[in-house]
Amino acid sequence: MTLQKNAGAVRRLAGLARFGAWLQNLPNKIVPPPFRLMQIGSAYWQSRALYVAARLDLAGALAEGEASAQTLADRVGADADAIYRLLHMLAALGVFEEVSPRRFQNNKLSSCLRPDHPQSVRAMVLMHNSPEMSRPWFEQLEQGVRYGGVPFELAHGQAFYAYMDNHPEFDALFAQAMDSVEALAGDSFVTDLDWSRFERIIDVGGSKGAKSLAILKRHPQLTALVADREQVIRGAAQFWQEKGEGAALQRMRFEACDLLQAVPKAQSGKDIYLLSAVLHGFDDDTCVTVLRNVAQASADSSAAIAVMEMVMPDSPTDIAAASFDMQMFVNTRGRERTLAEWRRLFDASGLVLQEVVSLRTFGKILVLRAVHSTGKA
């Protein structure tokens, strides 16, 4: 029996996504090629302007009202003319609105930069444009492309996750950005898979457990065990308590875990492992190590395994998928993978793919079982 829910809505969104990809490519057809190349070549101006606006928290300073550039400058401690020119550029991009000369207010886009907005992606903007994430692109991308190294490692002298272990401030920013992924990707992972068939989620590499918590809120029969690095889950329960989480949090436990060594063992076929955006950061050999650990931990109980990742189209691809893949190249030894590439990893790990659950977002949930399990999805 399928775990897919809302199949019609998923198909409709997939059609809209294809239309959106066509629209996104339209400038290449109508803008003169030299000018189009200049647009692409200077696109980082836009990302840096957005980053500075997020750093200064201009959206938070505006809140629900409007203000002059001078007033905003006074609020955030900046130069008034520079604030005006920054916001003038961003308003031209559709981020913020210039309601009258030199007066601005938030709009639908800029509101998502407010720290208190339920769909805030401020932490994600800050993380992706941080010095730690920017230096590899600006300084070492060519070296990585020429010689095959990882630009992040060339820039910082450490692998991505080792760097986070040694830099708590960046580690905290990364965790905060990951906690905001739901604002970017939506909650279709909660609604488009039938979680009611299970009793416990084992959330491997789940950070503070944001995804598990979202699922538990919709499914009162579920409990969750969130397993991640000690420094990631330390204080996770208190973090959610301070955010006012109540009943669902009482059904969550946290456990330190090195997923390259072992993962918590499943107790029954009503358990389901969740690995959300974990494997795309690893090379193939590391993925197989992790997946074998999950297969071993799940085999006796016939527990299901849900791998939530992007599945790259074979061809042609779209700019979002290709950009995510390049981000993996720049910062890790991982990659975004096609379904055939995922299947090869599963085969090498003693797992069988039982179903591909489509979501109303850019990801999919690949439902697996250990090869010698007897359970049925």
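**A pocket and two cores**

Student: How do you know that about 930 Å³ of space lies in the second largest pocket?

Tutor: This is a predicted model, where local features need pLDDT of at least 70, side-chain atom pairs count only at pLDDT 80 or more, and totals for linings use all residues. Side-chain values use heavy atoms, and residues are numbered from 1 along each chain. A pocket is an open set of points on a 1 Å grid where a 1.4 Å probe fits, with protein on both sides within 12 Å along at least five of seven lines. The volume is the space filled by probe spheres set on those points, and here that comes to about 930 Å³.

Student: What makes a residue part of the lining of the second largest pocket?

Tutor: Lining residues have an atom within 4 Å of a point. The second largest pocket has 32 of them, with Pro-118, Asp-179, Ser-180, Trp-240 and Lys-243 nearest its centre. Helix H15 gives the largest share, 6 residues. By class, 14 are nonpolar, 7 polar and 11 charged.

Student: Why is the set with Phe-96 and Met-127 called a nonpolar core?

Tutor: A nonpolar core is a set of buried Ala, Val, Leu, Ile, Met, Phe, Trp, Tyr and Cys residues joined through side-chain atoms within 4.5 Å, where buried means under 20% relative accessible area with a 1.4 Å probe. The largest such set has 38 residues, and Phe-96 and Met-127 have the most contacts inside it. Helix H7 gives the most to this core, with 7 residues. Apart from it lies another core, of 33 residues, including Ile-202 and Phe-282.

Conventions. Helix = DSSP H or I, 4+ residues; strand = E, 2+ residues; numbered from the N terminus. Nonpolar A, V, L, I, M, F, W, Y, C, P; charged D, E, K, R; others polar. Buried < 20%, exposed > 50% of the residue type's maximum accessible area, 1.4 Å probe, protein only.
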